[in-house]
Every structure is written in C-alpha cells, then in structure tokens.
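Take a look at the sequence and the model shown here. What can be read from the fold of each chain, and from the place where the chains touch?

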Amino acid sequence: MSRLRSLFPPLVPLIGFVILFEFLVRWGIIPSYLVPAPSEVVSAILEIRSELFAAAMGTMTAAVVGLLLSFVVGSSFAICLSLSEFARKAFYPYAVFFQTVPIIAVAPILVIWFGFGQPTVIASAFIVSIFPVIASTLLGLRSTDPALLDLFKLYSARPLQVMWRLRLPYALPEIFSGLRIAAGLSVIGAIVGEFIGGGGLGSLVDTARTMQRIDQVFAAVLISSLIGLVMIALINYLSWWALKNWHHSERGEDV
Amino acid sequence: MSTKRSGARLEFQKIEKQFQGTGLVIDRVSFCVEPGEFVTMLGPSGCGKSTFLKLAAGLDRPSAGKVDLDSFAQANFRSFVFQDAHLLPWRTVIDNIALPLELTGITRDEARTAAEASLKRVHLTDAGHKYPNQLSGGMRMRAAVARALITRPTLLLMDEPFAALDENTRHRLQEELRELWLQERMTVLFVTHSVSEAVFLSSRAVVLSARPARLLLDTRIDLAEHRDQNLRLGSEFSAQMRILHDAFKSPEASV
C-alpha cells in the first residue's frame, strides 16, 4: 500500500506535463511537426503496436544479453584485479577506456567486425555497460572490513574462501549499484548499435524519422525509456531479494 | 563436550613495535601469561594494547623481540573477539558461529551442530536463526563469544569486547564470561580501559603506560573464584581498584 502511494508524487509532474503539451500543440503554439501531441503519440503506439512490440523485444534482448555479458566479464575482471595490487595498477587505467570510448564512433567498427544485426547491437550494449560493473565491483571488493579479514586470517582461510565467503558478499551492495547504472546504459548502447547495425527500436526510430513520422519517433523513444525503467526495476528487485535480510539499504522504506 | 584442553602459555619477550608515522609504540615490554590465567591489560587509549593482541594472534609481527606460544601444534588454538562483534551480516547467527569450523573444511551440518552447542553456552539458543541486525548489542557480542569458543581455543584474545554495551548488559556479560572461563580454563588475554572490568574479570592485571608503552604494574587480583555483582560493593574490590587506579593515574601513565 505504501509502495503504491509512493508512486503518486512522481505522477503529478508527469500528468501536468502531458496535459500542458497536449494543449500547447492543439492551440498551435508548438508546431506538431516538431513535437507531437501526447494523444498523437498514443495513437501512433496503437497504430504500429505489433512492429513496436517486436522492435522492443529485439532491443530488450540485446540490452539484457549485453548487460549479462558485462556482469560476467566485468565482475570476473574486477575479481582478478582485486587479487593483485600490481594487476590493478596495470590494467585498471585501460578499463577506464570503456568509459571514455565514444560508442557512436565505434559502432561502425563493430559492424565491420560483427556484421549487421544482433551481435553488433549486443557488443555495443556490452561496451557501454561494462565499466560501471568493473568500477563498482572493484570498489566493493577493496572495502572489506579489515577486522573481518583478520578473522579469516586467524582461522587460516584459503584465498578462495576469503573471496567467496567474505569479499564477494561484502561487495554485493556495491555490485548492485554498479549494475543499476549499467542497466540503463545497456539500453542506450543497444539503441546506438541498432542505428548502425539495424534492428529493434533504433531502426524503427531511424525509419520513422526519414518518413517524417515524428509521432512514431516519439512512440519509439517512449518505449525505449520504458525498457530502461523495466531493467532498472528488475535489478532493484534482485538487489532487494539478495540484501533484504541484512543490508540497511534494503531495509528502510526509501530507495 | 567435556574434554578439557589446558590453556596455552603466552610469553612476550622484550617486545618492540614501531609503526610508520607514529614511531615507537611499544618499548621493550616483557610479560608472561601462564596457562589458564585470565589476564587483563589496561592502559590509556592509543598505547598499543590492541597491538599485543594482534601479536599474540599472529596477525602482526613485533619490530623486535619475540612472542612465545606453546600451542602452535594445535590447529585453531587461539580465538579473537573484536571490539564490535564483527559478525557477517548476511549470515544467520548460527552460521556465523559455525564459520571458524567451516573454514577448516568440515561440513556445514557438522559445523552447525557444534554451533548449536556453542550457542547454548552463551545463553543465546533461541536466536540462532536471526540475522545480526535483528539482535541487540549484547546479543551480538554473545554471538561473537560463541563464535570464538566454537574451536575450543586454549588462548582467547579479547579486545575491549564489552566497551560499547550499556552498563547492565556489560556487567551481566562479564559475569558470564568469568563463569565460562572457570569452566573451560582457557588462557585469556583481555584488553580494556575500565579498571572495574579488569578487577572483576581477571586473575591478574597488567597496566601499561602511554605511548611508547612500558609496563607500569603487574599485579594479582586476589578475589573469590566465583564472582557476582555483590562483589563490586565490597571493600576488597575497591582496594584492588585503588591499586590499579593509582598505577593508571600516575604521571607516567598519562601523555
């Protein structure tokens, strides 16, 4: 009940915004070839719902696969870096490269490597979402309570035991906050990939633009932000499920 | 569970400890803890009391001098209780207590059976399935003591374990610890800054000076074996307190 009520405040500006634009466009203050009226967007969604749905599924699949790859590769990489001070100093600067690479400029290269279609889109989603996973996992793994490390050392725990029973669980809250950021980025990466590599909502936006169907462009943009929201909600749920018993971040009522 | 191990013998020989930045912290301190003794260590904060515990635990090395221990042959002969309970928040109480055994490679079920027994000894039987954040400070500390006892240590090292608790809880836990020690007769080295705690708990007390730590006083506490709260009101208790107080408040003890 309180969860439902917490949805109310953010709905107020949304509804106000929608009504405002509806009238701004209807009264001709904003020309409808620049911004479609919200009602036109809704009718565009209904009109091309089957294409939208198929495209959304394609984009979401690519984003999810890209995110999973980021999680697996990124956290394994972070674990390796956390094991040796030298490795961390040697390789971490190059991990930052993933953060700074301009994905829109790299996408054509990805097409050359992976061809048109899903693999390119997944690679693009992967590249933009891996850095937050690496950075947050590494931060989490490096912030283990020294007294607990002493405790494990006292009982002569093996390195693998220290990793699985102490460092990783201790890092979980950080890992989840990295994944939350990565989830949003993976959708952006997928759509950029689709602009160049084809398929999904990215293509749909591109086609609608060339046909000057601004209502359809907005419809696709709206759906793609919804995908991002759904993915972040999914990560939030996983985080709540994993941390609910013990971590204060998942015990209060606010996120 | 009544096989009694005799306590370990612990000897500090001309211990010197230097830290980068702070310089000399411990200045050639020698003293011995005989098997089955309960020794408390008093001193102003920052005087290196905890360092002695770390040295005894093998978690740190002296800059000069030697820590002599007779029980190295036994696995897990020493246990450590930290100032805050330092339980793993993602594990239930019972799994926290089982941890030291689990790390030695015995199965989770066996470890749990032993943990149940250990839990009973600290009067915490009903809390086994709870998570640490559902417990009061006193209960958390009981769990930490149970975790330390599960390996049946011959040397128990305690670093101001009751300092953060309210007075009632602190007194009750002191009484229980004293009884546990009378039953098990393990060697205990207990660091505190409370004179009354030292008198109530120990069979011997050692007072250190301010940094660099030197030995100011090494005295027996000649009080009854079984001690309860009434003891605190007697004249013998205050006489012992005075002896420690005088050493503690002497010019050398302060900075």
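This report covers chain A, then the contact between the chains, then a sheet in chain B.

**Chain A**

The model is predicted. Chain A is built with 11 helices and 0 strands. Read from the N terminus, its elements run α-α-α-α-α-α-α-α-α-α-α. Its C-alpha atoms fill a box of roughly 75 × 50 × 30 Å along the principal axes. Chain A has 255 residues, and 36% of them are buried. Now take the contacts in chain A between residues at least 6 apart in sequence: 75% of these join residues at least 24 apart.

**Where the chains meet**

How many residues of chain B are in contact with chain A? There are 13, and they touch 15 residues of chain A. The chain B side of this contact has 9 nonpolar and 4 polar residues, with no charged ones.

**A sheet in chain B**

Chain B holds an open sheet of 6 strands. The strand order is S5-S6-S7-S3-S8-S9, and the pairing is mixed. Why do S5 and S9 each have one side without a neighbour in the sheet? Both stand at the edges with a single partner strand, so one side of each is left free of a neighbour there. On average, neighbouring strands of this sheet are turned by 15° against each other, direction ignored.

Four of its strands have their residue ranges listed here.

| Strand (chain B) | Residues |
|---|---|
| S5 | 78-81 |
| S6 | 155-159 |
| S7 | 187-192 |
| S9 | 215-220 |

Strands S6 and S7 of chain B pair in the parallel sense over 5 bridges. B:Leu157 has B:Leu189 in S7(B) as its bridge partner.

Methods:
Residues are numbered from 1 along each chain as its sequence is written. Chains are lettered from A and ligands numbered from 1 in the order in which they are written. This is a predicted model: local features need pLDDT of at least 70, side-chain atom pairs count only at pLDDT 80 or more; totals for chains, interfaces and linings use all residues. Helices (H or I, at least four residues) and strands (E, at least two) are DSSP runs, numbered from the N terminus. A residue is buried if 20 or more other C-beta atoms lie within 10 Å of its own, exposed if 12 or fewer, and partly exposed in between; C-beta atoms are placed from the backbone. Two residues are in contact if their C-beta atoms, placed from the backbone, lie within 7 Å. Ala, Val, Leu, Ile, Met, Phe, Trp, Tyr, Cys and Pro count as nonpolar, Asp, Glu, Lys and Arg as charged, and the others, Gly among them, as polar. Two strands pair if DSSP finds at least two bridges between them. Axes are lines fitted to C-alpha atoms, for helices over the stretch in contact, and angles run from 0 to 180 degrees between N-to-C directions.
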